[in-house]
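Open the model in your viewer and keep the selection panel at hand. The stops below go from one selection to the next.

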Amino acid sequence: ATPTRAMMAQVLYNLEKGSAGAPAVFTDVAADAWYADSVNWAAEKGIVSGYGNGTFGPEEAITREQMAQIIYNYAKYKGYDVTAQGNLSQFTDAGELASWSDTSMAWAVAKKLISGTTSTTLTPTGTATRAQVAQILKNFCEAFPSES
């Protein structure tokens, strides 16, 4: 299965031993959905956000830039230093990054959480594979060993 936005919220919810009861904020997250508690918790903590129209897109495949943003937001939630900024100019497709993901992707590259899909491409709008998500989470835990 392709990792979805809801799956990423669930992973972090499990990691944090999140609690149910956060208010629902997205119109497309049904109260009885398996991911409702995790998405609502992650939204309440500022880890995830929606598309600006009241939706979250829980079943949508997560992109690499969305993954970077969520990990960045999670690090901020945990109180970790998120000031590092890598040089994205080495990637020919850095111009494809959405304006909201520039800082988080530069941070993720600087912290060696995310690397290019090739030596010159980031593929920011491409779907993150299960292997990539697993590697990014592993890299995160190694970058912040005492904190995570």
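Which side chains meet in a salt bridge at 2.9 Å, N to O? Select E16 and K78: these two make the contact. The model is a predicted one. E16 belongs to helix α1 (residues 5-16) and K78 to helix α3 (residues 64-78), so the pair, 62 residues apart, links distant parts of the chain. E16 is partly exposed at a relative accessible area of 21%, and K78 is partly exposed at 29%. The cut-off for buried is under 20%, so E16 at 21% does not count as buried.

**Second salt bridge**

The count of salt bridges comes to 2. For another of them, select K138 and E142, whose side chains meet at 2.8 Å, N to O. Both sit in helix α5 (residues 130-143), 4 residues apart, which means a separation of about one helical turn. An α-helix has 3.6 residues a turn, so residues three or four places apart point the same way. K138 is partly exposed, with a relative accessible area of 43%.

**Helix α1**

Go back to E16 and select the helix that holds it, α1, residues 5-16. α1 has 12 residues, and the distance from its first C-alpha to its last is 17 Å, close to the 16 Å expected at 1.5 Å a residue. Now colour its buried residues: R5, A6, M8, A9, Q10, L12 and Y13. The cover over these buried residues includes α2 (36-44), α3 and α5.

Step to the residue just after α1, which is K17. Its phi is near 55°, a positive value in a residue other than glycine. K17 is placed in the loop between α1 and α2. Is K17 buried or exposed? K17 is exposed, with a relative accessible area of 72%.

Stay in the loop between α1 and α2 and select D32. D32 counts as exposed at 71% relative accessibility. For a distance across the model, draw a line from the C-alpha of D32 to that of T83: the two atoms are separated by 38 Å, and the residues are 51 apart along the chain.

**Helix α3**

Select residues 64-78, helix α3, at the other end of the first salt bridge. Its 15 residues should span 21 Å at 1.5 Å a residue, and its end C-alpha atoms are 21 Å apart, which agrees. How many of the residues of α3 are buried? The number is 12 of the 15, so α3 is largely enclosed by the rest of the structure. The buried residues are R64, E65, Q66, M67, A68, Q69, I70, I71, Y72, N73, Y74 and A75. Show what they pack against: α1, α4 (102-110) and α5. K78, the salt-bridge partner of E16, is partly exposed. Just after α3, select G79, which takes a positive phi of about 85°.

**The largest pocket**

Turn on the pocket surface, if your viewer has one, and look for the largest pocket, with a volume of about 190 Å³. To mark its lining, select R5, I47, V48, S49, G50, Y51, Q66, Q69, I70, N73 and W100. Which helix gives the most to this lining? α3 does, with 4 residues. Colour the lining by residue class: 5 residues are nonpolar, 5 are polar and 1 is charged. R5 appears in the lining and also among the buried residues of α1. Q66, Q69, I70 and N73 in the lining are likewise listed among the buried residues of α3.

**The loop between α4 and α5**

Select T117, in the loop between α4 and α5. T117 counts as partly exposed at 36% relative accessibility. Which residues is T117 in contact with, leaving aside its neighbours within four places in sequence? They are R64, L122, T123 and Q132. R64 is one of the buried residues of α3. As for Q132, its C-alpha is separated from that of T117 by 9.4 Å, with the residues 15 apart along the chain.

The last selection is T123, also in the loop between α4 and α5. T123 has a positive phi of about 50° although it is not a glycine. At 29% relative accessibility, T123 counts as partly exposed.

Notes
Residues are numbered from 1 along each chain as its sequence is written. This is a predicted model: local features need pLDDT of at least 70, side-chain atom pairs count only at pLDDT 80 or more; totals for chains, interfaces and linings use all residues. Side-chain values use heavy atoms; hydrogens and water are left out. A salt bridge is a side-chain nitrogen of Lys or Arg within 4 Å of a carboxyl oxygen of Asp or Glu. Helices (H or I, at least four residues) and strands (E, at least two) are DSSP runs, numbered from the N terminus. Buried means under 20% relative accessible area, exposed over 50%, partly exposed in between (1.4 Å probe, protein chains only). On a 1 Å grid over the protein atoms alone, a cavity is a set of points where a 1.4 Å probe fits but cannot get out, and a pocket is an open set with protein on both sides within 12 Å along at least five of seven lines; lining residues have an atom within 4 Å of a point. Grid points are joined across faces, edges and corners, and a volume is the space filled by probe spheres set on the points. Ala, Val, Leu, Ile, Met, Phe, Trp, Tyr, Cys and Pro count as nonpolar, Asp, Glu, Lys and Arg as charged, and the others, Gly among them, as polar. The expected span of a helix is 1.5 Å times one less than its number of residues. Contact means heavy atoms within 4.5 Å.
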